[in-house]
Each structure stands twice: as C-alpha cells, then as structure tokens.
Amino acid sequence: MSFTFIHTADWQIGKPFGEFAGDKPGVLRQARLEAIDKIAAVARQRGAAHVLAAGDIFDFETGSSLLVRQLVQRLASHRDITWHLISGNHDPARASSVWDDVRGAAPPANVVLHLDAMATEIARGVVLLPAPLKAKSCVSDPTAWMDHTPSPEGSMRIGLAHGSVTGFGSEGDAAVPIDPTRPRTAGLSFLALGDWHGTKRIGERVWYSGTPEPDSFPDNEPGHVLAVTLDGPTAVPRVETVRTATYTWGKRALNVTAAEDLRSLVDEVTSLGPDAQRHLMHVAITGRAHLAAHLAVGRLLSDLEPSLFHLNADITQFAALHEMSDLALFGTGALRTVAERLSSQAGNDDVRHSRVAAQALLKLAHIASNTAGGAA
Amino acid sequence: MKILAVRLAEVGCFSRAVAVEGLGDGLNVLAGENEAGKSTIFAALRMAFEQSHKTAHRDVEAMRPYSGGAPLVEVDFVVGGETWRLRKQYLTGRMAELRNLTTGQVSRGTDAEENLTALLTQKGGRPALSLLWASQKGALTPLPPSEDAAIGLKRVISAEIAATAGGSEARHVRVAVRAELDAYLTGHKPPRPRGDYDIAIKAKLRLESDLALAVARRDAALVRLDRLSELKTQETELCDPGRIAARADASAKAATAAATARDALQKQRAAADAVSGAESRLALARSKREIFEADLKRLAALTAEAILDQDLSRDLATSLADVEARVTEARDARNIARNALVQADCELKAAREAERKQEAQQRLSGLNQTLAAADEAIRAGLELKSKLDVLRVTPDLLRTIRTEDDAVRRLEDRLAAAAPRLTIAYAPGAEGRITQNGTSLAGGAHLVDRTLVLEIAGVGTIEIAPGVSDDATTAQDTLARHRAALARLFADAGVASLADAERQLTHRQQLEQEIAEARARLGALLPAGGLAKLKTDIDALAATASGNGDDAIRSRADIERDIDAIRQDLIKAEAADEAAQRKLAVEREASVRHAATSADRAKRLDELEDKLPAPAARPALALELQDATNVCERALHAAVREHTAWREQAPDPDQLQALETSAQRAAEAVTAENRQREELRRSVASLEGELRADRNDEVEARVAELQGALEAATQRLDRMEDDVAALQLLDSELRAEEMRSQDQYLRPISERLAPYVDLVFPGADITVAENFAPASLRRANDRETIAALSEGTQEQLAVMVRLAFGRLMADTGSAVPVILDDALVYSDDERILRMFMAFITAARHHQLIVLTCRSRTFSGLDGHRLKIAPWQSDAQSSDRHLLSASA
C-alpha cells in the first residue's frame, strides 16, 4: 500500500508587501491565495487526496475574518482535497487568534485543523502526528511528544511541524527547535516541516517544502510544493518537487564597466517575453564606468523597468569615472570648469559630500547631454 | 557712425519743416526751451533708423502731427568714411531712399531698408543706437536682454573677449538645473520643499506617524493576546467543577461548625444569666429577712435608751445653772481690773507732761545764752567793718602807687645824674659866706638841677644853670606827669606817702582777718537756719515751757509699777472669764445635743413602730421571710448546675472567633471565586471583542505594510535628498562660475566706465549688472546699491554707463553717436559741471549729442552749438554743405 500526499507550508496569507507601490501589493497578496488552486491542481495531478500544510498559513495571528473567509472558501471549493492545517510561529494557535475565526467560519470536513498535538488517522493506515505552535517561540521541541505516542501496528506515521531544524543552517524566523532525528526516534515515515521558505531536503524522511509562492528576493529556492509518496512505514519516501510559483523573484549581481555589461540582463528580460510581467528582479550593480557609460547604464535600466513586474536596481555601489577623457565631454568652457570642481569634490573625504558631488557631476552630464549643443 | 543733419517735415509738434544742421565730431549741444521740439527731432531720427517706412507702429503713428500728414525724416550721416542720406516717409506717403552722397548710389523702398540694415549691422551702428540713447529719465531704465542694442553690445563684448566661450551653455544648463530645483524647492530663504519632494517628506512623516500608531496598536493587541492566554488559563482553573464543589463543601462545613459553637455559647450565656438572676433573688430574700430582724433589735435598743435619757436630762440642767453663775463672777472681776488700769494710765500721762515742760525750760535757757553770744559777735563784726570802710588803700591801689613812685624815683635819679654837681669847699674862715636866696650854704656837694644863684658876699653872685637838652626836658615833663599822678593816688588813698600806704594796707589786712574770725564764731553759734531759726526755736521752747500742767503727785515709776500690777490682775480676770464662757458653751451644747438626740430617738422609735407590723404579727412575718430565703437558695443551686453543664460544651471566644473567621473566609473564598469567574468572563469577552477588532484591522499586517512602505518612502526620499543636494551643489558651482564669467564679461565696460566715474566721483568705483545697468557704487569703502542712491546720482551713473558703451563701440571700430536727451534732470550744478568734464572726455572718442532745456547751465559746455532752423529745401546747397562736412 502506498500513500501520496502534498507537503506545503508558509502560505502566509495576508502578507502586505507594503514596500511596493501602486497595485503591486494587492497583486502579490492575491497570488498567495491563488497558490492554493495551484496546489490543489498538483494534488489532483499526483493523485493525492491530502494536502499537509506545515504552519504559517497566515502571515499574522491577527489576520482579519475576511481573510479567513477567503481562505476557507477557497479551500472548501476543492472538495476532493482534504487540507490538513497546523499553526506556525506567524500564526500561533492561542486564544482569540486568527484560528478562532477559522473555527468560527465553520470550515467544511475537507478542511481539518490540527491545533492540538494529537495523533489522527487521516487515511486507512496513515496516522498524522501534528505539532501545532501555540506561541511565537518555544524552548522545547514540539515534536518530542511523537516519540511516546503509539499508533496501530503497521501504520505509516507522518509528522507535521513548524520550526527550525538545528544543525543544518536552516534557521528560519521561528525560534522553535526541531530535532531532525525525530523520524528515527518516533518511527515516522516522513516529517513534513515548515518555516524555511526554500525547498530543502534535510534527510530522506525530513523535508522543508518551502513556500508555494515566493515573497522576497531569496537565496534559497521558493515557489514549490512536494509530492510525497510513502510506500510503507519504513520505505524511503519518494519526493517530487513541483513548481507552483506565479511570480518569480530573482536577484542579479552585475559588475559593470560599460553599458555592454548589461547586455545579458537585457537579453534575459527580453527572452522572458510577456512572462517578464510576472518577474520581480533585484539588480545590484557594482563597478566603475566612464561618465558616458554611466549615463547609458542609467538609461538602460530605466528602459528595462517597465518590462518587468518590478525592478529594484541598486546602483549605490556603481561609480562614475572622472578621468580627463570623461571631463573632456564638457568642452573647455564654464561647464568644464564646473565639472572639474565637482570631480575634485567627489574625491573629498567626507563621504556624504563626495557622494553628492559625484551625483552632481552625473546630473551635470545628464542635463548637458539633454541641452542642445551640450557637451555630453 | 556720425550724424550730420536731421530734417523733418510733418512730424509731431512742428507745423513746418525744420532741420538741425551742422552736427560735427565730438560734442554737439542743442539747447532750447521745453516743447521746442528737441526730443521730437531725435525721436524722428531714431524712427528713421529703427522703423521700416512700411510700418504702422504706434510709435510712428504718434509722430503724426495733430493736423494730419505723413511724417518725413531725412538724415545725413557718415558710416565707414562715406556720407549717406536717408530719407523716409511714413504712413500715407510711405517711401524710403538711401543715397550714398559720396558715390551717388541710390536705393529705394525695400532695397533701401535692406541696405540700411546691412550698412548699420556691419558697422555696428543700428543695434547700438537705442542703447546709447538716453532720454529724459530713460537712462535709469535697464536694457531688456532681448533688445537689439543689448545684443549688439554683447556681440561687441564677446568679440573683444574670448574667455566667455561656453558661457551660454553653462547658462542653459543652469536654467535646466534651476528648473529641476524649482520642482523640488520654493524660492523662499531658506527654500522649502515642494512638489514631489514635499509630498515625499510628508509621506514619510505620515508613514512614521502611522507606523508608530500601528506599532502601538499591534503591541497592544499582542499584549491583549498574551493577557487573554493568561486569563484563559486562569479561567480553566477557576471553572473546574471539582474545585468549585470542594470550595462550597468546605464553606458549608465551616459555617455549620461556627453555628454549633455559636449556639452552645449562647446557651452558656443564658445559663450564666439564670445563675446571676437566682443569686440576685436570694440576696434580696436574705436582705429582707435581715432588715426585719435588725429593725426589731433597734426598736428594743431605742426603747432602753429613752428610759435612761430622762435622768441624764436633769443632770445637764443643774450643771448648766452652776456654770452660768461662775461666768457672772468672772466678768465682774474683769471689769474692775479694766477701770483701775484706765485711771493708772491717766496718771502716767500727767507725769510725762510735767517732765517734758521741765526739759523745755532747761533748753530755753541754753538757747538764750547762745543768742546773747551771737549778738555780741555781730556787734564786734560791725565795728571791724566800720574801721575797714575808712581804709581806702587796697592791694591794687598800692601796686599802682608803687609803680608811679618807682617811676618818679627813677626819673629823679636820671635827672640828678645829668645835673651839674656843685661842691663848695670853704676856706677856713669862710664858712657860710656863700648864700642862696639869703641862706648860707654848707660845704659839701650840691646838685644843681635848676638855675642856682649863689651870692658870695662881697664877691657878687654866681649863677649856675644846668645844661639844656631835649632829653632832659622830656624827662622832666615825664617826671612832672608821674608826680602829679602819684599825688592823685595819695589823695585817693588818703595817705601822704608810700610808707603810709604800705602801713594802711597792712592795717586793712589785719581788720579783714578779724572780721573773718568773727564770722566763724557766729557761724559756730547759730543753727543751720541762722539767727532767725535760733529765735524761732527760742520762741517755741518758751511756749512749751510756759504751757499749762499740774505737777505730778507721784513719780512715774510708781505709777508704772501700779499699772503692771493692774494688768496682771486684768489678765487673770479675763482668763477666768474666758474659761467660764467656754464651760458655759460646752454645757449648753451638751444640753442641746442631748435634746436633739432624744428627739431623734423618739422619731426613730415612731418610724420603726410604723414600719413594723403590730407586735402580734411579727413572729409570723419572721417565719415567712425565712421560707422565701430557702426557696431562692434552691433555685440558685439548680441554675449553677445548668451553667456548669453548658460551660463545658461552649467554645471560648477565641475558638468561636476562629470558627467564625474560618467560615467567613470559606464563604468569601466562594464569593470571590464566583466574582473572579465573572470578572474573568467579562475580561475575556472584552479582550476577545478588542482582539476581533484588532484582527479585522489586521494590526500586524498593517505594521508590516507600513514598515515596507516607510522603507520604500525613506529610500525614495533619500534619493530625492541626494538629488536635491546634488542639484544645489551643481547650481552653486554654476552660479560661482557664472559670476566669474560675468566679471570677465563686463570688464570691457567697467574699464571704460572707470575714467568717467573717477571724474565725477573721485576714488569711487561702480559695478555693472549683466543687463548693463549700474548695480552698485562704492564710495569711501561703503558699497551702496543703485536703488539706495539719490535720483540725481542714479541718472549720472546711467549717463556714464552710456558714455562707456559709446567708448567701447568707438574703441572697437563701431563708433556710434551717444545722444543725451535732457538726461540730467535731477543733478545739481556742481555735479553737472563734473559731468561736463565727462562729456568733453567722451567727445574725444565719439560723437556726443546733448539736448537740454537748461540753456544757462549748459552755456559753459563747449561744443558745436546746434539750433532748430527751417528746412532749406535747396538740395544743392544742402548737398554742398554735407559734402564739406563729410570731407
């Protein structure tokens, strides 16, 4: 007998994305809700009737009842899927938390709240041992009770928990320690974990699924769920990583000395085509370029911005050269004199003044280039 | 360029054609009254050079005369060494003709206009014409940058300096920078944010404020969540049914124990009260019986006392009568003694009066003797005084006499020493033969102090006279005065010589001594009050000594002894009387007391008889009282037994208090827990309500959203601030560069202006703004803006700037005339004279045409004197004149 389920976590419904302007926050919030539909689709494709969500369902324990109703309705709409939810450090199940509203929303039978550490048989021969969090942090391992909780002989025991597995550097934002050897000590076939937003294999029976919809420019691999198949209590689980992300958050670091150095980035965005509108990109540009090249890079980045859903270009470490050839752009008259003075000030020890002078020089070049008959 | 002549017809105020001919190099002056048409002539000149003949510009229209017509202007001028005549007519008769009088070449209409423009532009004439035209008060108006004249001047300056290359680009860049800065900042000082920058600042502040509120709200919500968890835990504990039942059972048991104890104690207290009542009743019964028995005893005793009392009353009456008799005797003896004493006292008084009279007589005798001695002393003193009064020599008078006497003697000695001394020595036998005034002179020496006539019998006479000298004469006069004074003193003293005076003074002093001694004796005799007091005392004593009074029969000592004896008797009599009185009082008091006691006893006997029943009923009453006492004793025994029994069961007060406290605490604990549960439920409900509101407002999400927004707003504002700082720095640098360029740019003007300024304002310097207007004047280290100067100074500076322009044009080969049309309106005479020097200097370099209405003032200004004259239409003569002028 085998049992296939979907392992997911860290939906963080209701994340506000206040750092974005315009309607982008709403779009990104909506995408997190719609990820549920994608997860349901993956479950159907994989023949999984159960989805195990390992905590941080909500971004905050004070999520609104409207948000709760939106979630419950969306989960309920997938009647063929049973959703098993536990609380995480973002949404601990304590009194009068968001979970009260979830209970108050009278979720249908296919939405199962596991807000107490109590073993439940979710399918024949499959026992779920949930470890919901009731506080934002705890000093003891919430999965420890699994060691002493028996289940019928021959059943497959699945642990579902939210926290940080010590010893592998997966420290998420939860101050909750979880022993990665729990499958061995508690006889678990699989321990499904949440908190780490990237997909991460801790051991053959211990996995972080990561968030199904990315929410930051990460260094890990978000945007997936895991399709897990258990072929028996002791069989090694078969785990498949399935991408679910609607929006792709990417980081790029470029060392630029000439406008040509941005070519790869431009090509990458160009190659995305319309899909670029579902990409968020953080570009950190470093290096030094001639004045004209610096202006050209600025123009390229400006041109690139509307192609993407969001472009965050960090050019604070991208400097302009002020060599004689650069200043020659200003001719020999008054502008040249001014440019030379600004260039001199840009070498000032005062970091702030130096930065302002460098920017003033760039501004001079930019305005002069836009002025008829300008030097640049 | 140089103007030679101007001619007008049908222009402005002129009803006839007029001309100003004969303008020459250097200084030209046209002086005339107001409204003479000076300004009109040169306005027409300007119109000819600047306005196309086809124009209907309002300035041209304004030149049309009131009577109508088409303004005609003809100007002869020299440019580039050639003489030209420009003739233009406007409005209805419009035409233009430019004739080269040197070559005879003529162009008309549009060609004439184009050729004129080319001619003036190439040579720099036309653009500068209006620039160098300073009309009335117009010199104060700066040149608009777009004016052709200003542009032309700039072109000239640019041609002269090369360093301004790039300046225009810098200005364009600065305009763009200012435009960008203007989008960020207002023009206030200091500038204020505006536009997107202002919005970004306010947005950040608003977000910070909102975030602070949101954080507070979120923190409060989280605190509420924590609190709710605590309350829930407490609620679980408090609402445990087992706990509630146990608490209620404990309370009920404690209440029962307390009630039982309280009942036992109440019964014990009731028993104690019963014992106390029985004891009271027994005491009452016993008391009644004891009183009855006591009354019977007292009745018997009083009856016995009444019998004895009758004998005692008789004895008391007898004793009282004896005592009263003794009292009468004692009082008689006392009275006798008192009378005897009074008689003895009278006798003693008489004896004392006799003694005092005798003593007064003795004392009176002594005083009379003293009075006689005093009278004798007084009499002796008066005698001495009368002797003394006769003596007139006093010590002072004697000293004066001595002085005068001494002076007489010394003068006499002096005169004697100076007088001749005659010594007669008789021969034996011749004694006595020398006589003086018939008196023989004895032998020996004689002083001759006056003329001495000696007769010698038989011989004749010898006259001897002392020598005469002033000193001797003076001494003799002085001696005579002193002798006279001495004689007066002797007369006053009543003496004949100094020796008499000495003796008289000695006598006087003896008398004074004796008088003093007599006074001393008298003082010793008299009392303090003197003689009068002595006499008063004598009179008083005489009265006393002569007073009435019988002589005493017995001596005072005898009498006093009798008195002592009588007093002893009196004391004894009084003591006996007092003793008898006391005894009488005692007896009387005893009698009264006895009577009172008897009465009281009788009263008490009556009362007892009244109180007690009849003697026959008294034994029955005694038995009744004994029975009642026995009943009470039995009741008391029963009550004591009951009380003893309850005392063993009842708790002591501390125990009861402990039980009561325990029961109360148990009940309170139940109540408190009930109340606590209610409060908990209310608190939980309240917190849940607040948390529902918190959740509906997504307080945590709101904080995260605001944090993100604030971070983005901060980044955006930081970028803007950097941008603003960069623009400000750039603007500052461009401005600094512009100032440097401007200094360089305006230097050609400044250099040419300096000589004129030095002529009018020695030691001063002037700065010129970019629009060529005077900007400031520095005199004596004080720099003033032009606006702060007087109007006279302002117009002088403006005229000098025009002269500098003219000089610059001339120096660059583009000389044009400078025309000053009553440009010095506000200047005083002294300053005008200085301006004349500037005019003369300027006229060495270019043509200068000065129009003025101040003929007298300007009469001292050298130069060609111009006048407005009718236009001579003789073209030939005019041409000849022009040709000669251009040559």
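## Exercises on a predicted two-chain model

Chain B contains 19 helices and 21 strands, and the model from which these elements are read is a predicted one.

**Exercise 1. Describe how chain B is built overall, using its share of buried residues and the sequence separation of its contacts.**

Solution. Begin with burial: of the 887 residues of chain B, 25% count as buried. Then turn to the contacts in chain B with a separation of 6 or more, of which 76% are accounted for by residues 24 or more positions apart.

**Exercise 2. Find which elements of chain B touch chain A, and which of them gives the most residues.**

Solution. First count the two sides: 42 residues of chain B are in contact with 39 residues of chain A. Next list the elements that give two or more residues to the side of chain B, which are α6 (167-184), α7 (195-238), α15 (653-696) and α16 of chain B. Among these, α16(B) gives the most, with 21 residues. Finally sort the side of chain B by class, which yields 22 nonpolar, eight polar and 12 charged residues.

**Exercise 3. Work out whether α9(A) is roughly parallel or roughly perpendicular to α16(B).**

Solution. Two packed helices are described by the angle between their axes and the distance between the axes. Here helix α9 (residues 351-370) of chain A and α16(B) pack at an angle of about 75°, and their axes are 8 Å apart. Because angles of 65 to 115 degrees count as roughly perpendicular, α9(A) is roughly perpendicular to α16(B). The residues that meet include R355(A), Q359(A) and K363(A) in α9(A), and D722(B), A725(B) and L729(B) in α16(B). By class, the residues of this contact divide into nine nonpolar, one polar and three charged.

**Exercise 4. Decide whether L225(B) is buried or exposed, and state what it contacts.**

Solution. L225(B) lies in helix α7 of chain B. Its environment holds 22 other C-beta atoms within 10 Å, and L225(B) is therefore buried, given that 20 or more such atoms are required. Leaving aside neighbours within four places in sequence, L225(B) is in contact with R94(A), S96(A) and S97(A) of chain A, and with L691(B) of chain B. L225(B) and E688(B) are 463 residues apart in sequence, yet their C-alpha atoms are 8.7 Å apart in space.

**Exercise 5. Check the span of helix α9 of chain B against what its number of residues leads one to expect, and say what its buried residues pack against.**

Solution. At 1.5 Å a residue, the 24 residues of α9(B) (residues 395-418) should span 34 Å, and the end C-alpha atoms are 35 Å apart, which agrees. The buried residues of this helix are L398(B), I401(B), E404(B), V408(B) and L411(B). They pack against α10 (470-493) and α11 (498-525) of chain B.

**Exercise 6. Identify which residues touch the most other members of the largest nonpolar core, and which helix gives this core its largest share.**

Solution. The largest nonpolar core has 84 residues, of which I6(A), I158(A), L160(A) and L193(A) touch the most other members. Its largest share, nine residues, comes from helix α16 (residues 699-760) of chain B. Apart from this core lies another, of 82 residues, among them I3(B), V20(B), L803(B) and A810(B). Returning to I6(A), and leaving aside its neighbours within four places in sequence, its contacts include I39(A), V42(A), L52(A) and V225(A).

How values were computed:
Residues numbered from 1 in each chain as written. Chains lettered and ligands numbered in written order. Predicted model: local features only at pLDDT ≥ 70, side-chain atom pairs only at ≥ 80, totals over all residues. Core = buried A, V, L, I, M, F, W, Y, C linked by C-beta atoms within 7 Å. Buried ≥ 20, exposed ≤ 12 C-beta atoms within 10 Å, placed from the backbone. Helix = DSSP H or I, 4+ residues; strand = E, 2+ residues; numbered from the N terminus. Contact = placed C-beta atoms within 7 Å. Nonpolar A, V, L, I, M, F, W, Y, C, P; charged D, E, K, R; others polar. Axes fitted to C-alpha atoms, helices over the stretch in contact; angles between N-to-C directions. Parallel < 35°, antiparallel > 145°, perpendicular 65-115°, else oblique. Expected span 1.5 Å × (residues − 1).
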